[in-house]
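Here is a short briefing to read alongside the model. It goes through charge pairs, a pocket and a surface patch, in that order.

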Amino acid sequence: MQDAIKPFHISNGQKVLELDNYLTFFFVVIANRLSRGASAHYRKEYGIGVVEWRCLVSLAMEQSTTAAQISKTSSMNKSLVSRSLSKLEALECVEDCDSSLKKKPRLLKLTSKGVALYEKMVEDTLSRETELRKGLGENEISELLRMLRTLARNARDLDQTNPDSLN
């Protein structure tokens, strides 16, 4: 570990975290703020929260997928994903790819209403992303994304509960 930027200092013989140098602290704070803010905004504007939004994104990217696959690729709890998909089904945004089959796992897709909701929300999401990137140049964003991808791989390697997440 680099001496100049340690995530701790020694006090009375014990290691004490230095939050200003502790990456995990920043990731948790940033993720919580972004998730809490997005969820409140999306609930007010669209009637769904951030977990439902993430499910919509997964379905838009894959065209059809299962709750288990969404859970795996997004690193979200499967029961949370299932509840969110049930809510999206009740809102007529998601449906079975073949409703005549009653097998598990269910293969789901967006309905036309789901696609319309996704298209409205994606513009809003990209606007929020632009605000988040404010003050960073193109080279800084590129380097930050490179570093975040490295950290995501490292986090995947540390994750003993779901080692396939964060591809």
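A residue counts as buried under 20% relative accessible area, as exposed over 50%, and as partly exposed in between. R106, at 28% relative accessibility, is therefore partly exposed. Please keep in mind that this is a predicted model. R106 is a handy place to start, since this residue takes part in a salt-bridge network and also helps line the second largest pocket.

**Salt bridges**

- Side chains of opposite charge can pair when their charged atoms come close.
- Searching the whole structure turns up 7 salt bridges.
- One of them joins D96 to R106, with 2.8 Å between the closest N and O atoms. This pair links distant parts of the chain: D96 sits in strand β3 (residues 94–96), while R106 lies in the loop between β3 and β4 (108–110), 10 residues apart.
- D96 has a relative accessibility of 18%, so this residue counts as buried.
- E89 joins D96 and R106 in a network of salt bridges.
- E131 and K134 also form a salt bridge, their closest N and O atoms being 2.8 Å apart. E131 is partly exposed, with a relative accessible area of 47%, whereas K134 counts as exposed at 59%.
- R156 pairs with D157, and here the closest N and O atoms are 3.4 Å apart. R156 is partly exposed at 23% relative accessibility, while D157 is exposed, with a relative accessible area of 52%.

**The second largest pocket**

- This pocket has a volume of about 190 Å³.
- Its lining is made up of T66, A67, A68, K78, S82, L85, S86, E89, K104, P105, R106 and L108. The elements that give two or more residues to this lining are α3 (67–74) and α4 (78–90).
- Which element gives the most to the lining of the second largest pocket? That is α4, with 5 residues.
- Sorted by class, the lining has 5 nonpolar, 3 polar and 4 charged residues.
- Two members of the salt-bridge network, E89 and R106, are among the lining residues.

**A nonpolar surface patch**

- L17, L19, F25, F26, I30, L34 and L132 together make a nonpolar surface patch of about 590 Å².
- Helix α1 (residues 23–46) gives the most to the patch, with 4 residues.
- F25 belongs to helix α1, and this residue is partly exposed, with a relative accessible area of 31%.
- Patch residues need over 30% relative accessible area, so F25 meets that cut-off at 31%.

How values were computed:
Residues are numbered from 1 along each chain as its sequence is written. This is a predicted model: local features need pLDDT of at least 70, side-chain atom pairs count only at pLDDT 80 or more; totals for chains, interfaces and linings use all residues. Side-chain values use heavy atoms; hydrogens and water are left out. On a 1 Å grid over the protein atoms alone, a cavity is a set of points where a 1.4 Å probe fits but cannot get out, and a pocket is an open set with protein on both sides within 12 Å along at least five of seven lines; lining residues have an atom within 4 Å of a point. Grid points are joined across faces, edges and corners, and a volume is the space filled by probe spheres set on the points. Ala, Val, Leu, Ile, Met, Phe, Trp, Tyr, Cys and Pro count as nonpolar, Asp, Glu, Lys and Arg as charged, and the others, Gly among them, as polar. Patches are made of residues with over 30% relative accessible area and no salt bridge: like charges are joined within 9 Å, nonpolar side chains (Val, Leu, Ile, Met, Phe, Trp, Tyr) within 5 Å. Accessible areas come from the Shrake-Rupley method with a 1.4 Å probe; for residues, only the protein chains shown count as cover. A salt bridge is a side-chain nitrogen of Lys or Arg within 4 Å of a carboxyl oxygen of Asp or Glu. Buried means under 20% relative accessible area, exposed over 50%, partly exposed in between (1.4 Å probe, protein chains only).
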